[in-house]
Amino acid sequence: MKWSFRIARIAGTDVRIHLTFVLLLAVFAVALVAEGGLIHAVSGLTFLTGLFFCVLLHEFGHALAARHYGIRTPDITLLPIGGLARLERMPEKPAQEFIIAVAGPMVNVAIAAALFLVLGRLPVPDDLTNLSDPATILPNLARVNVLLVLFNMIPAFPMDGGRVLRALLATRLDYARATQIAARIGQALAVIGGVLAIFFTRNPLLFIIAIFIYFAAAQESQSVQTRAATNHLRVRHAMLTRFRTLNNNATLQDAVDALLAGSQHDFPIVDENNHAVGLLLRSDLIAALAKHGPTYPANELARDFPVHLTPDTPLTDAMEHVQAHQSHSLPVFESPTSKSLTGLLTKENVIERLLINSALQKQPQPPPLPTPTE
């Protein structure tokens, strides 16, 4: 995710913090110092740090459940509105999605239960306004974990409750239809929440959350509809077959000439046997020009291929690889064991394929032929 930086790597998953989260801490600290001094600020920031540590554990609950089904989690990003665990791919079965979705809230249930045991009593259910007293940190964390469970189980995307609802619906309906129904329910709840925020609670944060939920639900529905529309397609239906490569002796100037000659962004580098050895990205090319000059060898910047696609790879799988590796282009090899390229899959070509398919689906069907009579 843009504007985020890595702070740790745990069990193969990068833990990242978004810049807006750092800004939130800074604003929160300044406000607390102005309100009650340094000790007040330290107590409040300790609570906030503990809160987002609970959020991080929540996201790792999802990640560990996904790993059980062979699904990697490349990174987890902490945002001001919570955490985001990016799965390598979606689970294949409704039961798997159900377990992955509930794993996060169950972590918060476990944290709250442990804090209740440590406290020796149930915390008094008052508000969370008193953050200046260090003695309130654990009770407040216990309360907020209960609130996290309740909030995340709201049946609306992108909360876990929306995914639980879809998993339950998908046991009776196809995945795309289940997503559409769950997304509409989430959007309806978002509208209700927005109305309550404007006319009753007058809470701007609740209104912002309602807007976020509404558009996240729409995006999830659109994403699944797109996946359903491409289920029958293969990489061969969308890959670029006329593309340029660079030889092993090419310089950055050669790469610039190729870049300016057409619309291709990234260039495979091939050896004397025409076997692909790496991929030169446009971003790396531009950065290296300022640092090394046009005579620098292009193969020094070549990146390894993140995945081995073939023309028969399902397009839905290839699209997930493009998203997971955040790559603009992916090479397509002749076969699973081949080193020879036969195509290049780009985001533009995938979008064009989807547009073409959408247009073809709107094409009116010819009327049925009359049944011959004797």
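Two strands are taken to pair if DSSP finds at least two bridges between them. In this predicted model, strand 8 and strand 9 (residues 341–346) meet that criterion, with five bridges joining them in an antiparallel arrangement. A convenient landmark in this pairing is Val-332, which lies opposite Gly-343 of strand 9.

Strand 8 is also a good place to look at burial. In a regular strand, side chains alternate between the two faces of the sheet. Here, both faces are covered: Ser-329, Pro-331 and Phe-333 are buried on one side, and Leu-330 and Val-332 are buried on the other. Since five of the five residues of strand 8 (residues 329–333) are buried, the strand is largely enclosed by the rest of the structure. Val-332 thus appears in both parts of this picture, as a buried residue and as the residue standing opposite Gly-343.

Turning to the N-terminal part of the chain, four strands form an open sheet with mixed pairing, in the order 1-2-3-4. The edges are taken by strand 1 (4–10) and strand 4 (82–86); each has a single partner strand, so one side of each is left without a neighbour in the sheet. From one strand to the next, the twist averages 25°. Strand 1 runs antiparallel to strand 2, and six bridges join the two. Within this pairing, Ala-8 has Val-15 of strand 2 as its bridge partner.

Strand 2 (residues 13–18) also contains Thr-13. With a relative accessible area of 1%, Thr-13 falls below the 20% cut-off and is therefore buried. Beyond its neighbours within four places in sequence, Thr-13 contacts Ala-8, Phe-60, Arg-67, Thr-73, Pro-74, Asp-75 and Ile-76. Ala-8 is therefore worth a second glance in the viewer: Ala-8 is in contact with Thr-13 and is bridged to Val-15.

The helices offer a further packing example. Helix 3 (residues 94–119) packs against helix 4 (residues 137–152) at an angle of about 155°, and their axes are 9 Å apart. Because angles over 145 degrees count as roughly antiparallel, helix 3 is roughly antiparallel to helix 4. Their crossing is left-handed. Residues making the contact include Pro-105, Asn-108, Val-109, Ile-111 and Ala-112 of helix 3, together with Leu-138, Pro-139, Leu-141, Ala-142 and Asn-145 of helix 4. By class, the residues of this contact divide into 15 nonpolar, three polar and no charged.

Definitions and conventions. Residues numbered from 1 in each chain as written. Predicted model: local features only at pLDDT ≥ 70, side-chain atom pairs only at ≥ 80, totals over all residues. Heavy atoms only, no water. Buried < 20%, exposed > 50% of the residue type's maximum accessible area, 1.4 Å probe, protein only. Contact = heavy atoms within 4.5 Å. Axes fitted to C-alpha atoms, helices over the stretch in contact; angles between N-to-C directions. Parallel < 35°, antiparallel > 145°, perpendicular 65-115°, else oblique. Left-handed = near helix turned anticlockwise from the far one by under 90°. Nonpolar A, V, L, I, M, F, W, Y, C, P; charged D, E, K, R; others polar.
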